[in-house]
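Hi,

Here is the structure I said I would pass on. Have a look at it first, and my notes on what turned up follow below.

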Amino acid sequence: MPSGTLQVYTALAENAAPLPGVTPALLAATGPVPVDAADPQWGSRDAPVTIVEFGDFECGYCRKAHKTMLRIKETFGPDVRFSFRNNPLPFHREAEPMARIALEAYQTKGNDAFWEVHHQFYDGLPSAEQT
């Protein structure tokens with residue numbers, strides 16, 4: 001991704017509407033978490049397994065989970081569908097702006113752009129042991 005692209009997404013995200021995210025009702029829900037075409041995802045809709053991650057781009061433990069998801073994708077390929085939901089934690093100062101940037105990339109450029117930003121954020125974080 002060109003270096004200026006992330007800056008454009010940042011500028012657009014700063015003026016965005018409130019971040020759609022995890023509601024108390026969704027957290028309290030039992031059963032499958034719904035995934036639809038509006039969610040960033042990879043894998044087939046017909047995959048026998050769907051993993052939905054509620055992640056925070058500033059979280060070192062989420063970075064570890066990101067590496068695990070990449071290994072799952074490599075190992076199981078078409079048998080797994082993965083969906084990401086932004087869940088910025090309030091004590092991570094940069095988590096919500098990062099979530100907004102990723103969402104802006106998704107809304108303006110699509111699924112592939114979201115995953116490019118997603119990978120850039122997680123690949124640039126310190127390890128969980130450093131957080």
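Helix α5 lies across β1, β2 and β3, and α5 runs at about 70° to β3. Keep in mind that this is a predicted model, so I'll come to the confidence values further down. The other helix to look at here is α3, which also packs on the sheet and touches β1, β2 and β3. The direction of α3 makes about 160° with that of β2.

As for the sheet itself, it is an open one made of 3 strands, in the order β1-β3-β2, with mixed pairing. β1 (41-42) and β2 (49-55) are the edge strands; each has a single partner strand, so one side of each has no neighbour in the sheet. β2 and β3 run parallel and are joined by 7 bridges. If you want a place to start clicking, Ile-51 stands opposite Phe-82 in β3.

To put those pieces in context, the chain has 5 helices and 3 strands. Going along the sequence, the pattern reads α-α-β-β-α-β-α-α. Of the contacts between residues at least 6 apart in sequence, 83% join residues that are at least 24 apart.

Now the inside. Buried residues account for 37% of the 131 residues in the chain. The largest nonpolar core has 20 residues, and the ones touching the most other members are Phe-57, Phe-84, Phe-114 and Phe-121. At least two residues of this core come from each of α3 (60-76), β3 (80-86), α4 (95-109) and α5 (111-123). α5 gives the most, with 6 residues. That fits the general picture: in soluble globular proteins, nonpolar side chains tend to be buried together.

One residue you may want to pull up is Arg-63, which sits in helix α3. Is Arg-63 buried or exposed? Its relative accessible area is 14%, and since buried means under 20%, Arg-63 counts as buried. Along the chain, Arg-63 and His-119 are 56 residues apart, yet their C-alpha atoms are separated by 9.5 Å.

Then the cysteines. How many disulfides does the model have? The count comes to 0. The pair to check is Cys-59 and Cys-62: the sulfur of Cys-59 has its closest cysteine sulfur in Cys-62, at 3.4 Å, and a disulfide needs the two sulfur atoms within 2.5 Å, so this is too far for a bond. Looking from the other side, the cysteine sulfur closest to that of Cys-62 is the one in Cys-59. Both residues are buried: Cys-59 has a relative accessible area of 10%, and Cys-62 comes in at 12%.

Finally, confidence. The mean pLDDT of the chain is 79, and 69% of its residues reach 70 or more. Among the elements, α4 has the highest mean pLDDT (94), while helix α1 (residues 3-14) has the lowest (50). Over residues 1-5 the pLDDT is below 50, and this stretch has 6 contacts in the model beyond near neighbours in sequence. Residues 127-131 also stay under 50, with 9 contacts beyond four places in sequence.

That's what I have for now; shout if anything is unclear.

Cheers

How values were computed:
Residues are numbered from 1 along each chain as its sequence is written. This is a predicted model: local features need pLDDT of at least 70, side-chain atom pairs count only at pLDDT 80 or more; totals for chains, interfaces and linings use all residues. Side-chain values use heavy atoms; hydrogens and water are left out. A nonpolar core is a set of buried Ala, Val, Leu, Ile, Met, Phe, Trp, Tyr and Cys residues joined through side-chain atoms within 4.5 Å. Buried means under 20% relative accessible area, exposed over 50%, partly exposed in between (1.4 Å probe, protein chains only). Helices (H or I, at least four residues) and strands (E, at least two) are DSSP runs, numbered from the N terminus. pLDDT is the predictor's confidence in each residue, from 0 to 100. Contact means heavy atoms within 4.5 Å. Two strands pair if DSSP finds at least two bridges between them. Axes are lines fitted to C-alpha atoms, for helices over the stretch in contact, and angles run from 0 to 180 degrees between N-to-C directions.
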